[in-house]
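You asked for comments on the structure below. They are given as numbered points.

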Amino acid sequence: MTRTLFTAAALAALFATAPARADHEDRAEAKDHAPIGVMGDHRHKKGEFMLSYRFMRMRMGESLIGTDAVPAATIATTVPNRFANPPMSPPTLRVVPTDMAMDMHMVGAMWAPTDRVTLMAMGTVLANTMDHVTFQGPAGATPLGQFTTETSGFGDTKIAALIGLFDGRVHSAHLNAGFSVPTGSITEEDDVLTPMGTRPTIRTPYPMQLGSGTWDLEPGITYLGEQGPVAWGAQYRATLRTGENDEGYALGDIHQTTAWASYGLSPSSSVSARVAARTQGRIDGIDPQITAPVQTANPDFQGGERIELGAGLNLMAQSGPLSGHRVSVEALLPVYQDLNGPQMRTDWTLTVGWQKAF
C-alpha cells in the first residue's frame with residue numbers, strides 16, 4: 001500500500017507539471033470523473049471509446065458477530081458446527097479464518113453509439129488468499145497449526161448500458177442497466193488442515209470461489225452535479241440473483257449506495273471524498289460439497305451491512321504525451337460493520353486505475 005501511494009504522489013508531480021492548454025474548458029478535467037472506485041459513473045459523446053484498467057485490493061481480518069469482535073479461540077469452542085457429525089466432523093467450528101486478501105484486476109471498455117446511450121463491458125481476474133488456524137481435536141482451545149488456501153482465475157463479466165435521463169448545465173442523471181455473466185468458477189479446491197491433522201483437498205468455501213454461478217441483474221441510477229471547481233454525485237446500484245446456480249445455491253442480493261464530492265485543484269488534478277453503504281443478504285441454498293467445520297462454509301454466516309468513508313486523487317493530463325490519460329487512486333476505510341457472523345470484517349480497500357478515452 002505504501003508503494004502504491006508513493007507511485008501516486010510521483011504521478012501527481014508529473015501531471016501537475018504538464019502545461020494546461022488554453023482551451024481546457026472544452027476538454028475533460030480531472031474533477032469530471034467520480035472516484036475510481038465508482039463504476040458506471042459517466043457517459044460518453046457519440047462515437048467515443050474508452051479503455052480502463054483497475055486494480056483493487058481488499059484486506060479482511062478479525063471476525064465479527066454482528067458488531068462485536070470475537071477471538072478465534074472463542075469461535076472454535078463455542079460456535080456450533082452446522083455440519084457436525086462426530087467423530088468425522090466436530091461439534092464446533094475448529095477451523096477459523098484469520099486473514100484474507102482479495103486482489104481484483106478489472107479491464108473495461110466503453111463505447112457510445114449515441115449521445116444518450118453508452119455501452120460498457122468489464123472482465124475481471126481474481127486472486128484470493130485466506131489464512132486459517134486449526135484447533136486440535138473435537139474440543140479445547142489448543143491450536144494444531146495454520147494453513148493458507150488460494151484460488152485465482154477469471155471472475156464474472158459485467159455488461160451494462162448507461163442511459164441518459166437528462167443533461168443540464170449543472171445537473172445530469174442516467175440509468176445503469178446491467179447484468180453479470182457467470183464466467184467465474186464456483187468449484188475451486190485447495191488443501192486444508194483438519195482438526196485430526198490430515199490434509200485433504202476439498203472444495204473451498206463460498207468467499208474463496210471466483211463467481212456467483214448465476215446470471216445477475218444489476219440495475220442502478222446515477223446523479224451528477226458540477227459547479228465551478230466542485231463536482232458531486234450519488235449512485236444506487238443493486239445485484240439481484242435470478243435463481244440458484246448449478247451447485248444448488250444463490251449468493252445474497254446486494255444493495256449499495258454511495259455519494260461523493262470532488263474539488264478541482266487544477267484542470268489536471270482533483271481530490272475527492274466519498275461515503276459508501278452496502279448491504280448483502282445471506283446465501284440461499286447450499287453447496288453439498290462445502291461442509292467443512294469453518295464459518296465460511298455456513299451459508300448463514302454470509303452478508304451483512306457496511307458503511308465506509310473514502311478519499312481519492314484523480315490526475316488527468318491536459319497536454320503532452322500523456323494528454324487525456326487519467327490515473328486515479330482511492331482508499332476506503334469501514335466506519336461501521338454489522339455482519340451475519342462469525343464473519344471476517346473488512347479492514348480496508350484500495351483501488352488504483354487508469355482510463356483513456358479516444
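The points below cover pockets, cavities, salt bridges and a surface patch in what is a predicted model.

1. Largest pocket. The largest pocket holds about 1,200 Å³ of space. It is lined by 41 residues, and A28, D32, R43, K45 and E226 are the closest to its centre. Five strands each supply at least two residues of this lining: β7 (171-181), β10 (216-227), β11 (230-241), β13 (254-266) and β17 (325-357). By class, the lining of the largest pocket divides into 16 charged, 14 polar and 11 nonpolar residues.

2. Charged residues at the centre of that pocket. D32 and E226, both among the residues closest to the centre of the largest pocket, are linked with K31 in a network of salt bridges. R43, also among those closest residues, forms a salt bridge with D167, with 2.9 Å between the closest N and O atoms. R43 lies in the loop between α1 (2-17) and β1, while D167 is in strand β6 (residues 157-167), so this pair ties together parts 124 residues apart in sequence. The two partners are covered to unlike degrees: R43 counts as buried because its relative accessibility is 18%, under the 20% limit, whereas D167 has a relative accessible area of 56% and is exposed.

3. Second largest pocket. The volume here is about 510 Å³. Of the 28 residues that line the second largest pocket, M88, T194, P195, A292 and P293 lie nearest its centre. Which classes make up the lining of the second largest pocket? The lining has 18 nonpolar and 10 polar residues, and no charged residues. The lining of the largest pocket, by contrast, includes 16 charged residues.

4. Cavities. Two cavities of 30 Å³ or more are counted. The second largest cavity encloses about 80 Å³. It has 14 lining residues, with M50, R54, M110, M120 and Q355 closest to its centre. Strands β1, β3 (95-111) and β4 (117-135) each give at least two residues to the lining of the second largest cavity. That lining consists of seven nonpolar, five polar and two charged residues.

5. Other salt bridges. The total for the model is 15 salt bridges. R345 and E62 form one of them, with the closest N and O atoms 3.6 Å apart. This pair links distant parts of the chain, since R345 is in strand β17 and E62 in strand β1, 283 residues apart. Both ends are partly exposed: R345 has a relative accessible area of 30%, and E62 is at 36% relative accessibility.

6. A salt bridge between loops. The side chains of D300 and R82 also meet in a salt bridge, at 3.6 Å from N to O. D300 is in the loop between β15 (284-285) and β16 (304-316) and R82 in the loop between α2 (72-78) and β3, so the pair ties together parts 218 residues apart in sequence. D300, at 38% relative accessibility, counts as partly exposed. R82 is likewise partly exposed, with a relative accessible area of 45%.

7. Nonpolar surface patch. Which residues form a nonpolar patch on the surface? They are F49, L51, W111, L119 and F358, which together have about 470 Å² of accessible area. L51 is placed in strand β1 (residues 49-66) and, at 32% relative accessibility, counts as partly exposed. Strand β1 also supplies at least two residues to the lining of the second largest cavity.

Notes:
Residues numbered from 1 in each chain as written. Predicted model: local features only at pLDDT ≥ 70, side-chain atom pairs only at ≥ 80, totals over all residues. Heavy atoms only, no water. Patch = residues over 30% accessible without salt bridge, like charges linked within 9 Å, V, L, I, M, F, W, Y side chains within 5 Å. Areas by Shrake-Rupley, 256 points an atom, 1.4 Å probe, with all protein chains shown as cover. Salt bridge = Lys/Arg side-chain N within 4 Å of Asp/Glu carboxyl O. Helix = DSSP H or I, 4+ residues; strand = E, 2+ residues; numbered from the N terminus. Buried < 20%, exposed > 50% of the residue type's maximum accessible area, 1.4 Å probe, protein only. 1 Å grid on protein atoms, 1.4 Å probe; cavity = no way out; pocket = protein on both sides within 12 Å on 5 of 7 lines; lining within 4 Å. Points joined across faces, edges and corners; volume = space filled by probe spheres on them. Nonpolar A, V, L, I, M, F, W, Y, C, P; charged D, E, K, R; others polar.
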